[in-house]
Each structure stands twice: as structure tokens, then as C-alpha cells.
Amino acid sequence: MTRFLALTAAALLLGATAAQAETSSITSEQAMAALKAMQSYAKKDGSDPSLAVLDTDGNIVAMMAGNNSSPHNLGLARRKAFTANHFKMKSIEWRDRTIKPGTPEAMERNTPDAIPLGGGVPIVVGGQVVGAVGVSGTRGGQTGDTDAAQAAADAAAAAAAGKPVASIQ
């Protein structure tokens, strides 16, 4: 009986460790790497966008309103990050996938807080989505927002993998 309990406890501990690995998420340090990468992109772009970084569960890890951004940009950045995180793809790809009315995919547009706009990119580490970045307010519209979010997501992923992250130029 004691051996059975020991094996059961070991199995539960291993299961808990595996569950923790499956729910790894972005840290504030990684979110700061994303923020710095987005600011570097914005400096080259001549824009001052807003950014939101969400963790795996959709909780806000970091948000920043651009100094001269429009009031709605911060909310849009958060919703773009939510969309990328929830659907595990770039929000611009999800927008295009759900555009045809009457399809099962189009029904996904009824998801609260999802927004069919470019600018949301999942943060992928080791093949797993650990969060997402949303950007709103670049000069390039949805494509520019997506490019800035991709730079930010790449920087966060690099920081999570322990790789050096380029600093702001």
C-alpha cells in the first residue's frame, strides 16, 4: 500500500510539473524586451504607437500608450493581442480567415474582445504560444502594426529563450 501511495504521489508531482511547463507564460522582463523592440520599430517608422503584451491566459503583462497616440489605440492594441493569443495566430491572418460570411470561421468574429484587424502577433517559444503582443498606431496601418508587433514578439521570444535582444538604436 505504501508503495502504491508513493507511486501515486510521484505521478501527481510529475503531472503537476508537466502542467506547469504547458502553462508557461511571458514574464515582465520579456514584455519589456517586446516594448523596447516596438519602440525601436516606431523610431524608424516615425510613429508613436501603443502596445499591449498579454500572457498565456490573456492577462495584461504590460501596456503602454504612445505619447502622441490616439485615445483608442491602447484599447485596440489590447484587443489585437487578445485575438492573436486566443486564436494562436496573427490577428491579420485571423481577419482574413474569418472574412467570408456564413462560414463557421466567420462565427468566430462573435468572440467578445476579438477584433479583425492587423497588429496582433502571438509570442511563440519552443513551439508554444506563451502570450501575444498587440500594436496600434504605426504609420503603416494594419500592416505596419503587424510588423511592429512581430518585432516585439520576436524580441520577447528571444528574451524567453535567453538570447540577446537588440537594444533601441
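This report walks through the fold of a predicted model, from the overall layout down to a few individual residues.

## The chain at a glance

The chain has five helices and four strands. Read from the N terminus, these elements come in the order α-α-β-β-α-α-β-β-α. Of the 169 residues in the chain, 40% are buried.

Contacts reach well along the sequence: if you take those between residues at least 6 apart, 65% of them join residues at least 24 apart. The accessible surface adds up to about 9000 Å², and carbon and sulfur atoms account for 58% of that.

## The sheet

The four strands make an open sheet in the order 2-1-4-3, and the pairing is antiparallel. Strand 2 (60–64) and strand 3 (120–125) sit at the edges, each pairing on one side only. On average, neighbouring strands are turned by 15° against each other, ignoring direction.

Now for the pairings one by one. Strand 1 (residues 50–55) meets strand 2 in the antiparallel sense over four bridges. Two residues of strand 1 show how this works out: Leu 51 has Met 64 of strand 2 as its bridge partner, and Leu 54 has Ile 60 of strand 2. Strand 1 also runs antiparallel to strand 4, with six bridges joining them. Here Leu 54 turns up again, standing opposite Ala 132 in strand 4. Strand 3 and strand 4 pair over six bridges, antiparallel once more, and Val 121 is bridged to Val 133 of strand 4.

## Two hairpins, two glycines

Strands 1 and 2 form a hairpin with four residues between them, and Gly 58 in that turn has a positive phi of about 90°. The hairpin of strand 3 and strand 4 has two residues between the strands, and there Gly 126 takes a positive phi near 60°.

## A strand that is covered on both faces

How many of the six residues of strand 1 are buried? Six of the six are, so the strand is largely enclosed by the rest of the structure. In a regular strand, side chains alternate between the two faces of the sheet. Strand 1 is covered on both: Ser 50, Ala 52 and Leu 54 are buried on one side, and Leu 51, Val 53 and Asp 55 are buried on the other.

Helices lie over this part of the sheet. Helix 2 (residues 28–45) lies across strand 1, strand 2 and strand 4 (128–136), running at about 25° to strand 2. Helix 3 (residues 73–87) lies across strand 1, strand 2, strand 3 and strand 4, and runs at about 155° to strand 4.

## What fills the inside

The largest nonpolar core holds 21 residues, and Met 38, Leu 51, Val 53, Ile 123, Val 133 and Val 135 have the most contacts inside it. Helix 2, strands 1, 2, 3 and 4, and helix 5 (141–160) each put in at least two residues. Helix 5 gives the largest share, with six. A second, separate core has nine residues, including Phe 82, Ala 84, Phe 87 and Ala 114.

Val 133 is a good residue to click on if you want to see the packing. Setting aside its neighbours within four places in sequence, its contacts include Ala 34, Leu 51, Val 53, Ala 81, Val 121, Ile 123, Ala 149 and Ala 153.

## Ala 77, looking out from helix 3

Ala 77 lies in helix 3. Is this residue buried or exposed? Its relative accessible area is 0%, and buried means under 20%, so Ala 77 counts as buried. Beyond residues up to four places away in sequence, Ala 77 touches Ser 50, Leu 51 and Ala 52, along with Gly 134, Val 135 and Ser 136. Ala 77 and Ala 149 are 72 residues apart along the chain, yet their C-alpha atoms are separated by 9.5 Å.

## One aromatic pair

Searching the whole structure turns up one aromatic pair. The rings of Phe 87 and Trp 94 have centres 4.7 Å apart and planes at 20°, so they count as stacked. Both residues are buried, and Phe 87 is one of the residues of the second core.

Notes:
Residues numbered from 1 in each chain as written. Predicted model: local features only at pLDDT ≥ 70, side-chain atom pairs only at ≥ 80, totals over all residues. Heavy atoms only, no water. Pairing = 2+ DSSP bridges. Axes fitted to C-alpha atoms, helices over the stretch in contact; angles between N-to-C directions. Contact = heavy atoms within 4.5 Å. Core = buried A, V, L, I, M, F, W, Y, C linked by side-chain atoms within 4.5 Å. Buried < 20%, exposed > 50% of the residue type's maximum accessible area, 1.4 Å probe, protein only. Areas by Shrake-Rupley, 256 points an atom, 1.4 Å probe, with all protein chains shown as cover. Phe/Tyr/Trp six-rings, centres within 6.5 Å; stacked < 30°, edge-to-face > 60°.
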